Amino acid sequence: GVSSVIETKQSELDAARVDLRIATLQANEDTLRERLALAIGAPSPQVEIVGDSIPPAPAPQSGADVSEVALANSISVRLADARARAAHERARAQHRMRYPSISFDGQYAEFADFNNYSKYYKQFSRHNYSFGLNIRIPIFNLAQNAEAAAADAAAMKADADAQATRDQVAADAVHAEHTLQQTEASTRVSRLELEVAQDNIDAVKLKIEQGNATPSDEEMAKADAANRQVNLLESQFESLRSQLQLLRQTGELRDWALGK
C-alpha cells in the first residue's frame with residue numbers, strides 16, 4: 001500500500017502544477033488583453049483573441065548586419081544625433097558672439113491724427129521711417145567667453161551621448177539576434193524531446209504486451225509526452241517573442257504589425 005500512496009501524492013502534485021500553470025497563463029492573458037484594450041481605447045471584454053490574425057514573423061535576412069540595420073532605423077539614434085547637431089549649432093552661435101558684427105535696422109511708425117503733432121511741428125508726416133546700422137565690436141567679454149566654453153562642453157557631451165546611444169542600440173540588436181538563435185535551438189531540442197517521448201509511449205505499450213511493464217508506466221509515459229509538448233509550446237512562444245524583439249531593435253516591428 002505504500003507505492004499507491006506515493007503515486008497518489010505525485011498525481012496530486014502534478015495536478016497542482018497544472019493548475020498553477022493554467023492560472024499563470026490566464027493571468028498573463030488577462031493582463032495583455034487589458035493593455036491592448038487601453039491602447040486601442042476599447043473595453044477589454046470586447047477584445048477577442050484570434051490566433052490566425054497574427055502574421056508570421058519574417059525570417060532574419062541572411063548576411064545582413066543587424067547592428068547596421070538597427071542603427072539605420074533607430075529613432076533613438078536619430079534623436080541623439082539631432083541633439084548633438086543642435087548643441088554644435090548653439091556652440092557656433094556662442095562663438096560668433098565674440099566677433100564684431102554689423103546689422104541693418106529699420107523702424108516704421110504711423111501716428112494718428114488725434115495726437116495733433118501737426119500743430120507743433122512744421123514738417124510732420126504720419127508715416128515715419130528710420131534706418132540705421134548697428135555695429136557691435138566686443139573687446140573684453142569674459143562672460144561671453146565662458147558661455148562659448150560651456151557651449152563647447154555641452155556639444156562634446158551631446159556627441160558622447162549620441163555615441164553611447166549608438167553603441168547601446170548596436171549591442172542590443174546583436175544580443176537580440178543571438179537570443180533568437182538560442183531560442184530557435186531550444187525549440188529544436190524541445191521538438192526532438194517530444195518525438196522521443198512519443199516514441200517511448202509505443203515502446204511502453206510493447207513492453208506491456210510482453211508483460212514487462214504496467215498500465216501505470218504507460219500513463220507516466222503519456223504524462224511525460226504531454227509535458228514535453230507543453231515545453232515545446234513554451235519554446236515556440238519564446239522564439240516568437242525573440243523574433244519580435246529583434247524586429248523592435250531593427251525598427252521593423254511596425255511593418256510586421258501592419259502586414260507590410
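A salt bridge here is a side-chain nitrogen of Lys or Arg within 4 Å of a carboxyl oxygen of Asp or Glu. By this rule the count comes to 12 salt bridges. Keep in mind that the model is predicted.

**Exercise 1. Overall form**

Work out how the elements are ordered along the chain, and whether the chain is spread out or a compact globule.

*Solution.*
- Step 1: start with the inventory, which is six helices and two strands.
- Step 2: put them in order. From the N terminus the pattern reads α-α-α-β-β-α-α-α.
- Step 3: test against the globule rule. For 260 residues the rule gives 18 Å, but the radius of gyration is 37 Å, well over that value, so the chain is more spread out than a compact globule.
- Step 4: look at the dimensions. The C-alpha trace spans about 130 × 45 × 40 Å along its principal axes.
- Step 5: add the surface. The accessible surface comes to about 19300 Å², and carbon and sulfur atoms hold 56% of that. Of the 260 residues, 18% are buried.
- Step 6: check the contacts. Take those between residues at least 6 apart in sequence: 74% of them join residues at least 24 apart.

**Exercise 2. Three salt bridges inside helices**

For the pairs Arg 92 with Glu 89, Asp 224 with Arg 228, and Arg 241 with Glu 238, find the distance, the helix and the exposure of each partner.

*Solution.*
- Step 1: recall the background. Side chains of opposite charge can pair when their charged atoms come close.
- Step 2: take Arg 92 and Glu 89. Their closest N and O atoms are 2.3 Å apart, which falls within the 4 Å cut-off. Both residues belong to helix H3 (residues 75-96), with a spacing of three residues, about one turn of the helix. Arg 92 has 39% relative accessibility and is partly exposed; Glu 89, at 44%, is partly exposed too.
- Step 3: move on to Asp 224 and Arg 228. Here the N to O distance is 3.5 Å. The two sit four residues apart in helix H5, again about one turn. Asp 224 is partly exposed at 28% relative accessibility, and Arg 228 is partly exposed at 27%.
- Step 4: finish with Arg 241 and Glu 238, whose bridge has an N to O distance of 2.5 Å. These residues are three apart in H5, about one turn of the helix. Arg 241 is partly exposed with a relative accessible area of 44%, and Glu 238 is partly exposed with 33%.
- Step 5: one more group has shared partners. Glu 29, Asp 30 and Arg 33 are joined into one network by their salt bridges.
- Step 6: connect the spacing with helix geometry. An α-helix has 3.6 residues a turn, so residues three or four places apart point the same way.

**Exercise 3. The buried side of H2**

Which residues of helix H2 (residues 66-73) are buried, and what do they pack against?

*Solution.*
- Step 1: pick out the buried residues, which are Val 66, Ser 67 and Ala 70.
- Step 2: see how they are placed around the axis. They cover an arc of only 100°, so they lie on the same side of H2.
- Step 3: find the partners. The buried residues of H2 pack against H4 and helix H5 (215-250).

**Exercise 4. A buried serine in H5**

Is Ser 239 buried or exposed, and which residues does it contact beyond its sequence neighbours?

*Solution.*
- Step 1: locate Ser 239, which is in helix H5.
- Step 2: apply the cut-off. Buried means under 20% relative accessible area, and Ser 239 has 10% relative accessibility, so it counts as buried.
- Step 3: list the contacts. With neighbours within four places in sequence left out, Ser 239 touches Leu 180, Thr 183, Glu 184 and Thr 187.

**Exercise 5. The nonpolar patch**

Which residues make the nonpolar surface patch, and which element gives the largest share?

*Solution.*
- Step 1: collect the members: Ile 102, Phe 104, Tyr 108, Tyr 129, Phe 131, Leu 133, Ile 135, Ile 137, Ile 139, Phe 140 and Leu 142, making up about 1400 Å².
- Step 2: assign elements. Strand S1 (101-110) and strand S2 (127-136) are the ones that give two or more residues.
- Step 3: weigh them. S2 gives the largest share, with four residues.
- Step 4: check Leu 142, which lies in helix H4 (residues 142-210). At 56% relative accessibility, Leu 142 counts as exposed.

Note on methods
Residues numbered from 1 in each chain as written. Predicted model: local features only at pLDDT ≥ 70, side-chain atom pairs only at ≥ 80, totals over all residues. Heavy atoms only, no water. Patch = residues over 30% accessible without salt bridge, like charges linked within 9 Å, V, L, I, M, F, W, Y side chains within 5 Å. Areas by Shrake-Rupley, 256 points an atom, 1.4 Å probe, with all protein chains shown as cover. Buried < 20%, exposed > 50% of the residue type's maximum accessible area, 1.4 Å probe, protein only. Arc of directions from axis to C-beta. Contact = heavy atoms within 4.5 Å. Rg over C-alpha atoms; globule rule 2.2 N^0.38 Å.
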